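Me: I'm new to this one. Can you walk me through it?

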Amino acid sequence: MSVGHTAVTTPAAADRPVVWCEDGVDCGIRDLLNRLGDRWSVLVLVELAQGVRRFRELQRAVPGISQRMLTLTVRRLERDGLLTRTVHPTIPPQVEYALTPLGHSLTHLVRAMVDWSYDHHDAIVDSRQAWDAANPESEIAR
C-alpha cells in the first residue's frame, strides 16, 4: 500500500446507511425510537398536534390508555421537551398539555409514518398472511 493510501476515510454520504451516526457519537436515534416505539406516545402526539388538551380530553381521545399510563406518557414527553404541562390554579386544578415547537417538529415525521403506513397497509397484510400460511407452526404469527 502506498503512503498516500494509508489514511482512514469517511464514507461518502451516498455510501452511508439511512441511519448513520459518527463512530462513538450518540446521535439520539435510540432515544427517539424508545419514545416513538412505546405504545402510547405517538397517539398522544397526534392528539396534541390538533391543539391544547386537558388530561381527561387526552384520555378520551386515546382509547384503551389507563390514567396511570397516560400520566407516565405525558411525563416522559414533557421530560423530553416535546410537550408542556400547564397547571391552572383553579379548584380542582386544571391541567393542560400542549406541544412545544420541538414536539411540533416531530409531527412531520409522524405524518410521514402515517402516510407510509396507509400506502403500504394492504401489502403488509398480504405479506403477513402469506408468511403465516407458509409457517403455520411459527410462534410469531398472531
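**Core, sheet and one arginine**

Reply: Let's start with the core; note that this is a predicted model. The largest nonpolar core has 20 residues, and Val44, Leu45, Leu48, Leu58, Leu70, Val74 and Tyr97 touch the most other members.

Me: Which helices and strands each supply at least two residues of this core?
Reply: Helix H2 (41-48), helix H3 (55-61), helix H4 (67-79), strand S3 (94-99) and helix H5 (101-134) each do.

Me: Where does the largest share come from?
Reply: From H2, with 4 residues.

Me: Back to Tyr97. What is Tyr97 in contact with, leaving aside its neighbours within four places in sequence?
Reply: Its contacts are Leu48, Gly51, Val52, Arg53, Phe55, Leu58, Val74, Leu83, Thr84 and Arg85.

Me: And which residue stands opposite Tyr97 in S3?
Reply: Arg85 does.

Me: OK, the sheet. In what order do the strands come?
Reply: The order is S1-S3-S2, in an open sheet of 3 strands with antiparallel pairing. Strand S1 (53-54) and strand S2 (83-88) stand at the edges. Each has a single partner strand, so one side of each has no neighbour in the sheet.

Me: How many bridges between S2 and S3?
Reply: 6 bridges, in the antiparallel sense.

Me: New topic: Arg35. Where does Arg35 lie?
Reply: Arg35 is in helix H1 (residues 29-36).

Me: Is Arg35 buried or exposed?
Reply: Buried, because its relative accessible area is 14%, and buried means under 20%.

Me: What is Arg35 in contact with, again leaving aside neighbours within four places in sequence?
Reply: Ser41, Arg76, Leu77, Asp80 and Leu82.

Terms used. Residues are numbered from 1 along each chain as its sequence is written. This is a predicted model: local features need pLDDT of at least 70, side-chain atom pairs count only at pLDDT 80 or more; totals for chains, interfaces and linings use all residues. Side-chain values use heavy atoms; hydrogens and water are left out. A nonpolar core is a set of buried Ala, Val, Leu, Ile, Met, Phe, Trp, Tyr and Cys residues joined through side-chain atoms within 4.5 Å. Buried means under 20% relative accessible area, exposed over 50%, partly exposed in between (1.4 Å probe, protein chains only). Contact means heavy atoms within 4.5 Å. Two strands pair if DSSP finds at least two bridges between them.
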